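Please open the model in a viewer and keep the selection panel at hand. The tour proceeds from one selection to the next.

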Amino acid sequence: MNDASTKSIAPANASRLGMLMVAGSAILFASKGLFAKALYQRGVGFELLVAVRAALAVPMFAWFAVRANTPALSIAMSGEKSRPVRARAVVAAVVAGITCYYVGAMVDFWALTFIDASVERVLLFSYPAIVVLIGSVLKRRAPEKRVVFAMLITFAGIWFVMGGIDVHELSRNLFGAGLVLIAALTTAIYFLIGERYTHELGSTRFAAIGMTAAAVMLALHFVVFRSFDEFRPLKAYDWLLLTILGTACMFIPGLLQAEGMRRVGAQRAAIGSTIGPPTTIFLAAIFLHERLNGWQLLGSAMIVGSVLVLSWPKGVVADEP
């Protein structure tokens with residue numbers, strides 16, 4: 001086999017591996033609601049859950065960020081010396097992390113106490129449309145007609161997922177859905193800030209700084225509003241579920257997503273991530289016996305379809321709360 005054939009096969013294999021990483025991260029992120037629901041049924045509060053989840057994940061992200069940003073490794077990966085980091089970039093990462101991983105995560109897991117996990121996942125997946133909308137306002141530039149159409153489809157899909165013409169279902173999901181949309185907004189804000197500063201800090205270090213700041217806020221929140229007595233009833237099985245949430249549903253998919261995006265780019269990563277909502281719907285139906293009605297399934301398809309449109313040719317992908 002000649003050198004040209006070898007070179008053509010290598011990028012193809014890297015691309016396939018990258019798409020598998022993106023899909024794997026989406027599936028792991030999608031299982032978050034199932035473990036949260038299981039912990040709620042065992043009497044674990046959402047504030048305790050969010051705080052412990054962050055406390056378990058942050059040290060792993062920080063360790064990985066330190067390794068990924070050592071001078072020797074940075075030069076080996078990029079071929080050039082690392083650039084000096086401005087304080088402004090660090091502050092931006094702190095603000096992004098508190099917005100997404102403190103405010104966003106808190107309202108997202110709170111929402112799961114009111115609505116089905118499948119509904120939460122689909123609604124949270126609407127954040128690409130919010131990114132495009134905010135980006136258009138900030139740049140004072142109207143989006144393309146194709147993008148406007150995709151955003152309209154997204155917001156129509158949100159209405160259907162919330163219940164649509166079923167007034168009873170709509171009223172039942174209204175508050176929880178509103179919380180998820182706030183979480184989607186914080187995810188969009190995280191992405192927009194990250195888009196500007198990750199080239200200076202690096203994606204892993206940006207995430208580590210943001211999550212550390214969020215963990216500090218979560219600890220303060222717990223000290224002020226909750227009691228450490230809530231830890232006493234936790235059993236070994238509860239700690240197992242919490243550990244899975246912090247590692248298999250946060251740290252590991254975060255790394256897979258970042259590495260997958262590096263290999264295939266934002267556009268294809270966004271397409272690969274569309275497997276997330278269908279995965280949650282499928283798993284929630286099996287393990288939680290959740291069933292979406294016809295209108296909600298239609299809305300889910302509309303939101304996922306709109307993300308495909310928005311991500312081609314310009315992709316929108318960000319870490320999740």
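Which residue just after H12 takes a positive phi? In this predicted model, select His-289: its phi is about 60°.

Next, select helix H12 itself, residues 276-288. At 1.5 Å a residue, its 13 residues should span 18 Å, and the end C-alpha atoms are 17 Å apart, which agrees. Colour the buried residues of H12: Gly-276, Pro-277, Thr-279, Thr-280, Ile-281, Leu-283 and Ala-284.

Turn now to the surface and select Trp-159, Ile-165, Trp-295 and Leu-298, which make a nonpolar patch of about 390 Å². Within this selection, centre on Ile-165, in the loop between helix H8 (145-162) and helix H9 (167-201). Ile-165 has a relative accessible area of 52% and therefore counts as exposed, the cut-off being over 50%.

For the interior, select Leu-39, Tyr-40, Leu-49, Phe-109, Tyr-190, Phe-206 and Met-211, the residues with the most contacts inside the largest nonpolar core, which has 45 residues. At least two residues of this core come from each of helix H2 (32-41), helix H3 (46-68), helix H5 (87-111), H9, helix H10 (203-225) and helix H11 (236-272).

Zoom in on Tyr-40 and display its surroundings. Beyond its neighbours within four places in sequence, Tyr-40 is in contact with Gly-45, Phe-46, Leu-49, Phe-109, Leu-112 and Thr-113.

Finally, select Leu-123, Met-162, Leu-292 and Val-307, which are among the 26 residues of a second, separate core.

Definitions and conventions:
Residues numbered from 1 in each chain as written. Predicted model: local features only at pLDDT ≥ 70, side-chain atom pairs only at ≥ 80, totals over all residues. Heavy atoms only, no water. Helix = DSSP H or I, 4+ residues; strand = E, 2+ residues; numbered from the N terminus. Expected span 1.5 Å × (residues − 1). Buried < 20%, exposed > 50% of the residue type's maximum accessible area, 1.4 Å probe, protein only. Patch = residues over 30% accessible without salt bridge, like charges linked within 9 Å, V, L, I, M, F, W, Y side chains within 5 Å. Areas by Shrake-Rupley, 256 points an atom, 1.4 Å probe, with all protein chains shown as cover. Salt bridge = Lys/Arg side-chain N within 4 Å of Asp/Glu carboxyl O. Core = buried A, V, L, I, M, F, W, Y, C linked by side-chain atoms within 4.5 Å. Contact = heavy atoms within 4.5 Å.
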